[in-house]
Protein chains: 2
Amino acid sequence: MITPETLFRALSDSTRLRCLLLMLSEQSLCVCEFVHALDLSQPRVSRHLGHLRDLGIVQDERRGQWVHYRLHPQLPDWAREVLQAAFAADGVGDIRRRLAAMPNRPSIACD
Amino acid sequence: MITPETLFRALSDSTRLRCLLLMLSEQSLCVCEFVHALDLSQPRVSRHLGHLRDLGIVQDERRGQWVHYRLHPQLPDWAREVLQAAFAADGVGDIRRRLAAMPNRPSIACD
DNA sequence: TAATCATATGCGGATATCCGTATATATTTC
DNA sequence: GAAATATATACGGATATCCGCATATGATTA
């Protein structure tokens, strides 16, 4: 089971934190959607998401060409509360807007 | 004002995290009490507490020879919620016991 | 003011983290 | 099976983090 120290280290990087807040508000997203919403390189996003998966914080699922990531269903309540508190602090800002503006989103009508 | 990313980085080190959880449960403590409760070197504890002070997460106050640290009174609610959630995850374990067992605690009858 | 106790800081060195670039792998489509 | 798209990984270099040790600073007491 994940420890507070491990979770906090995972959240201490802005790429990972923004990915997680986006998952908190959007359920499930594929890598290219993170890349678009955060305007970061694909390898960078992929590496950080893989890191979160290895820690058991998120779960991935391949759907054809795409790999979707979501918060791990068994993520403990205290960890969700931590994420909620961070969300309360500053939300996800423009990120959701950029995501909504993405053309041909693979996640649409997928959940 | 402190950002989630900055707070999480501060909490990602076990020395700092345990100091903060101890402050959450004990209000105000001096450096030598942290040293005793956590069983760590004095320079190590002092440097981490100074770091937390520089970030605005804790407040220090000199009382004679001793310097007492506490959570910063203006620490935002979301940050306190994060600490509470971490506390809920594993409390402070044996740390409080070791603190209670410390002889001649400078904090006693000080608050 | 000398001695003592509490705390803070300077300095290396070891290790961890993060990134961009290039490339590898997986899946679908033609 | 070749091309196109999506994702993952390997590598090297820059930077950050953390620690122990030694020492400096601050406060009290004799």
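**Chain pairing and the surface near DNA strand D**

Both A:Phe8 and B:Phe8 are buried, a term that denotes a relative accessible area under 20%, with exposed meaning over 50% and partly exposed in between, as computed with a 1.4 Å probe on protein chains only. The model is predicted, and local features therein need pLDDT of at least 70, side-chain atom pairs count only at pLDDT 80 or more, and totals for chains, interfaces and linings use all residues. Residues are numbered from 1 along each chain as its sequence is written, chains are lettered from A and ligands numbered from 1 in the order in which they are written, and side-chain values use heavy atoms, with hydrogens and water left out.

Over all chains, the structure holds one aromatic pair. This pair is formed by A:Phe8 and B:Phe8 and is stacked, with 5.8 Å centre to centre and 15° between the planes; rings of Phe, Tyr and Trp (its six-membered ring) pair if their centres lie within 6.5 Å, and planes under 30 degrees apart count as stacked, over 60 as edge-to-face and the rest as tilted. The pair crosses between chains, joining helix H1 (residues 4-11) of chain A to helix H1 (residues 4-11) of chain B, where helices (H or I, at least four residues) and strands (E, at least two) are DSSP runs numbered from the N terminus.

Chain B is superposed on chain A by a rotation of 180° with 0.0 Å of shift along its axis (RMSD 0.0 Å), the fit being made by least squares on the C-alpha atoms of residues with pLDDT of at least 70 in both copies. That is the relation of a two-fold axis. The same surface serves both copies, in that 100% of the contact residues of chain B recur in chain A, contact meaning heavy atoms within 4.5 Å.

Around DNA strand D there are 23 residues, of which A:Cys32, A:Ser46, A:Tyr69, B:Arg44 and B:His48 come nearest; a residue is near a strand if one of its heavy atoms lies within 4 Å of it. Of the atoms of DNA strand D within 4 Å of the protein, 67% belong to sugar or phosphate and the rest to bases. A phosphate oxygen of DNA strand D is 2.8 Å from a side-chain N or O atom of A:Ser46, whereas a backbone N or O atom of A:Val31 lies 3.3 Å from a phosphate oxygen. A base oxygen of DNA strand D, in turn, is 3.3 Å from an N or O atom in the side chain of A:Gln65.

Key:
A polar contact is a pair of N or O atoms within 3.5 Å; within protein, one must be able to donate a hydrogen and the other to accept it, and residues adjacent in sequence count only if both atoms are side-chain atoms.
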